[in-house]
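Me: I want to know how each label on this model was earned. Let's look at it together and start from the definitions.

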Amino acid sequence: MALQLTSKKVCVIGGGAAGLVAAHELRKEGHQVVVFERGSQLGGVWVYSPEVESDPLGLDPNRKIVHTSLYKSLRTNLPREVMGFRDFPFVPTGKPNRDSRRFPSHQEVLRYLEDFAEKFELNKLIRYQTEVRDVRLKEGGNWMVKYRRIGEDDEGGEVDEIYDAVVVCSGHLTQPRIANNIPGIDVWPGKQIHSHNFRTPAPYKDQVVVIIGLSSSAFDISREIAISAKEVHITTRVEAKGIFGQHPVYQNLWVHPMIERAHEDGRVSFQDGTEVLADVILHCTGYKYYFPFLDTAGAVNVDDNRVGPLYKHIFPPTLAPGLSFIGLPMFAAHFFVLELQSKWTAGVLSGRFPLPSKEKMMEDIEAFYSELEAKGIPKHYTHRIHDYTDPPGHFEYEDWLATQYGCPLTEDWRRRMFSATIALVFKQTETYRDEWDNYDLAIDTDDGVFKLFS
Ligand code: FAD
């Protein structure tokens, strides 16, 4: 007997990469889709703006939110081919005024998302400048979505609509998380800022800057600032061999262990016994998952940056399949993960792929949490999907989704290129974006990059 598929009325929250690919896959599966986007254009975090928030640390709950966390000079930290959707490869277009580099600028990523939306006519599904304010389950199993238009002459009134399902694609790299356990920080007189509000190095000229964190943002920003700052001091919890001390290329850049104490007279001392008189502390300490519009009556919580309980990082067992989250995983081949999550979610909503019972989903989640605990992976790394696979960087999660959907597993070239990039970042830290001739391994493969470029 042929499978009877159901078409649902689905609300997608967010018009970034996740919302776009979710809308595309949902519509392909036969659902009716409305995308709510509070900004005036698609692309989410890739819509660069020189504007920063009024509170540089992002602590004031009443501040006007600037969604993007991009700095002006940003180039991707993954090769474009690895990042891209499978159904719409992220390859050079050959069009004028485009960036054909393998690690392109943020403008090129935005153009790619715009091309994707144009090709699949997604624009007509999006309601721009429309902010979702409240989402909750109604009796009978439908979802109430309350929103308001935020256009210039349309400020105010909230409107309710009813949907069969809500797919949350609101992003998670906008709400700063700061290092707040530094002794003495309350009386330290200098300026503090989170990388969310860093755009250009100009304000740091001739300053002594302490950067907390060793992520890709900390890495890029420290180099950029070092060109004109007096001194840059990176401080990190990471204890890898050989990372501490003065940088061999940037002579005014040092790496230290964590801050021991900040002092009233402006000094910052580190756990290695050294200290500096600093002007600025720049927190490159990541972001918090944050869903202020979502009322699940406790069914989904953010606990130490773990969003849960969620089956496969997507479905809360007690509210599935009506509520789902696309895009929570981190440190992955991001757009590719979003695409696979979207395919499977669209199929679950239509009834093509049945979910296990609530109890079985909860068992799976608990087993997953126990596995993380046994491996010593902290709760706040729950969604860093490549950290807990064995070996790290293995595409287990992506392959699980692909298997559910019935599409090919992660391509061999994508795996190899991803691993090669990580290895290269360690080997050629300063030049990995422009000198990547060891990619011949990836290029050599049968289903590989040459084909994509041809
Ligand atoms: P977002 O792009 O954040 O989109 C979410 C959208 O939801 C936004 O448009 C927002 O306006 C909208 N929204 C939020 N709340 C509401 C609401 N209540 N109502 C209506 N709309 C709402 N990834 C890579 O693959 N490679 C990289 O090199 C890379 N570099 C990065 C560098 C930086 C500095 C940052 C911050 C991220 C980087 N990323 C990178 C990760 C990037 O976040 C993802 O690639 C991806 O773009 C996230 O897409 P998203 O749709 O999940 O979220």
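Reply: Two strands pair if DSSP finds at least two bridges between them. Strands themselves are DSSP runs of E with at least two residues, helices are runs of H or I with at least four, and both are numbered from the N terminus. Bear in mind that this is a predicted model: local features need pLDDT of at least 70, side-chain atom pairs count only at pLDDT 80 or more, and totals for chains, interfaces and linings use all residues. Residues are numbered from 1 along each chain as its sequence is written.

Me: How do you know that β5 and β6 pair?

Reply: Six bridges link β5 to β6 (residues 158-163), in the antiparallel sense. That clears the minimum of two, so they count as paired. One of the bridges puts V145 opposite E161 in β6.

Me: What makes β4 a partner of β5?

Reply: Seven bridges, with β4 (residues 130-137) and β5 (residues 143-149) running antiparallel. In β5, R136 has M144 as its bridge partner, and L137 has W143. Five residues sit between the strands of this hairpin, and G140 takes a positive phi near 95 degrees.

Me: And how do you know that β4 pairs with β19?

Reply: Two bridges join β4 to β19 (residues 294-295), so the cut-off is just met. The two strands run parallel, and V135 has L294 as its bridge partner in β19.

Me: What makes β14 and β16 edge strands?

Reply: Their sheet is open, with the order β14-β15-β16 and antiparallel pairing. β14 (259-262) and β16 (275-277) each have a single partner strand, so one side of each is left without a neighbour in the sheet. Neighbouring strands here are turned by 20 degrees against each other on average, direction ignored; the axes are lines fitted to C-alpha atoms (for helices over the stretch in contact), with angles from 0 to 180 degrees between N-to-C directions. β15 (residues 267-270) and β16 share three bridges, and S269 pairs with E275 in β16.

Me: Which strands are at the edges of the five-stranded sheet?

Reply: That open sheet runs β3-β2-β1-β7-β22 with parallel pairing. β3 (126-127) and β22 (323-325) pair on one side only, hence the label. Inside the order, β1 (residues 9-13) and β7 (residues 165-168) are joined by four bridges, one of which has I13 facing V168. α1 lies across β1, β2 (32-36) and β7, at about 170 degrees to β2.

Me: Why is E121 called exposed?

Reply: The exposed label needs 12 or fewer other C-beta atoms (placed from the backbone) within 10 Å of a residue's own; 20 or more means buried, and in between is partly exposed. E121 has 10, so it is exposed. It sits in the loop between α3 (106-119) and β3 and has a positive phi of about 50 degrees although it is not a glycine.

Me: What makes A297 exposed?

Reply: A count of 9 other C-beta atoms within 10 Å, so A297 is exposed too. A297 also has a positive phi of about 50 degrees without being a glycine, and its loop runs between β19 and β20 (301-303). Of the 454 residues in the protein, 39% count as buried.

Me: How do you know that the protein is as compact as a globular one?

Reply: The protein has 10 helices and 22 strands. Its radius of gyration is 23 Å, close to the 22 Å from the globule rule for 454 residues, so it is as compact as a globular protein of that length. The radius is taken over C-alpha atoms, and the rule is 2.2 Å times the number of residues to the power 0.38.

Me: What makes a residue part of the ligand shell?

Reply: Its C-beta atom, placed from the backbone, has to lie within 6 Å of the molecule. There are 33 residues around the ligand, and G14, G16, G44, G171 and G327 come nearest. The elements giving two or more residues are α1 (17-28), β4 and α5 (334-350), with the largest share, three residues, from α1.

Me: Which peptide bonds are cis around P309 and P321?

Reply: G308 to P309, with omega about -5 degrees, and A320 to P321, with omega near 0 degrees. P309 is in the loop between β21 (306-308) and β22, and P321 lies in the loop between β21 and β22.

Methods: Two residues are in contact if their C-beta atoms, placed from the backbone, lie within 7 Å.
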